[in-house]
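Colleague: Please take me closely through the largest pocket. Which element gives the largest share of its lining? Then go on to what surrounds that part.

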Amino acid sequence: MREVIASAPSKVNVCLYVGAPEPDGYHPLVTVFEALNLREKVTVRTSRTPGIHVRTTAYFPDGSIDHPTTRIFTEMDPRTHLAWRAAKLMQKLAMATPWAQTAAGVSIQVDKYVPVAGGMAGGSADAAATLIACQKLWDLPLQEKQLHAIARSLGADVPACLVGGLSLGTGRGDHMHVLSNQVPARHWVLALSDRGLSTPEVFRELDAGGGPLGKWQPLPTKDPEHYMFFADESEKIAPHIHNDLSEAACRLRPELTETMRSARQAGALAAFLSGSGPTIAALARDEKHALQIARTWEQSPYVQRTICAHGPAQGARLESL
């Protein structure tokens, strides 16, 4: 039997622009992702048991991602898990390889540190980590373009978790362009809610309201050069942070408005919806300031817990062989 461990980052969207729905119902996006050091870890093993089996361990940090305090073990219907879907696609490509012929199945252990249904791409990170783990497990000679095509078929955020760093996403947010590898470290505080918020539900609310601010606007340029300023220092990027999904999410969950307001009162450079929510991200001046914002949020009845993180972080990577 053989084992490979990989990890992939979560993300925040430092800008997210949403276009009017296309005939297939999907919305074109222009977004800038910043990967965070809050990472999902996936261990993939060949197994003598037929099929693909997934087990999830959810770690819930209390203020620091380095000190998990609670663990919940779950057995999931594998077909609902992006890690299972990623492994299934890679297994089909691996059927002719020697390693694939030595085992009947695959077992996947997912160690989750990213909130579920929080708008931070935890499930997409699971898929990205599984892709590169399976590529190594079966020695698949895939080119980067091929791996990204597989990632896009799994979900719009999966390529962002593969790439990491600071990147521009276009199309459905799944066509990636790395903006810069020289970005100053940024400190974030994440306010987690006690319940998730469905991405399709947020988009339905956006559609029902006629688009951002009640009207669909043309999407901004897709030229990566236009977004290079997001590689600047925190104080300079803060005024440009934007999320077209914010109003729709706040209509569904009005308390999110108060969560953002309290962060701004605590001096956050910016406080905004992460992805489709309900996680709220606050940009701090430095690590000390991030802890101050976290303490303020801990007094809020609308915040279940907080996490301090930093970015930009490396994309999906192998951790051990």
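**The largest pocket, from its lining outwards**

Modeller: H5 does: five residues of the lining of the largest pocket come from this helix, the largest share. (Helices, H or I, at least four residues, and strands, E, at least two, are DSSP runs numbered from the N terminus.) This is a predicted model: local features need pLDDT of at least 70, side-chain atom pairs count only at pLDDT 80 or more, and totals for chains, interfaces and linings use all residues. Residues are numbered from 1 along each chain as its sequence is written, and side-chain values use heavy atoms, without hydrogens and water.

The whole lining comes to 49 residues. Nearest the centre of the pocket lie Ser-124, Asp-157, Thr-199, Pro-200 and Ser-276. Four strands each give two or more residues: S1 (3–18), S2 (29–47), S3 (51–61) and S5 (68–75). Helices H1 (82–94), H2 (122–137), H3 (144–154) and H5 (199–208) do so too. A pocket here is an open set of points on a 1 Å grid over the protein atoms alone, where a 1.4 Å probe fits, with protein on both sides within 12 Å along at least five of seven lines; lining residues have an atom within 4 Å of a point.

The space in this pocket is about 1,400 Å³. That volume is what is filled by probe spheres set on the grid points, joined across faces, edges and corners. By class, its lining holds 20 polar, 19 nonpolar and 10 charged residues. (Ala, Val, Leu, Ile, Met, Phe, Trp, Tyr, Cys and Pro are nonpolar; Asp, Glu, Lys and Arg are charged; the others, Gly among them, are polar.)

Two of the lining helices also meet each other. From H2, Ala-127, Leu-131, Ile-132 and Gln-135 touch Leu-147, Ile-150, Ala-151 and Leu-154 of H3 (contact: heavy atoms within 4.5 Å). That contact has seven nonpolar residues, one polar and no charged.

Now the second largest pocket. About 240 Å³ of space lies there. Its lining has 19 residues, and Pro-212, Leu-213, His-242, Asn-243 and Asp-244 lie nearest the centre. S1, strand S10 (242–243) and helix H7 (246–252) each contribute two or more residues. H7 gives four, the largest share. Here the classes are 10 nonpolar, five polar and four charged. S1 thus appears in the lists for the largest pocket and the second largest.

As a frame for all this, the protein has nine helices and 14 strands. Its C-alpha atoms fill a box of roughly 60 × 45 × 40 Å along the principal axes.
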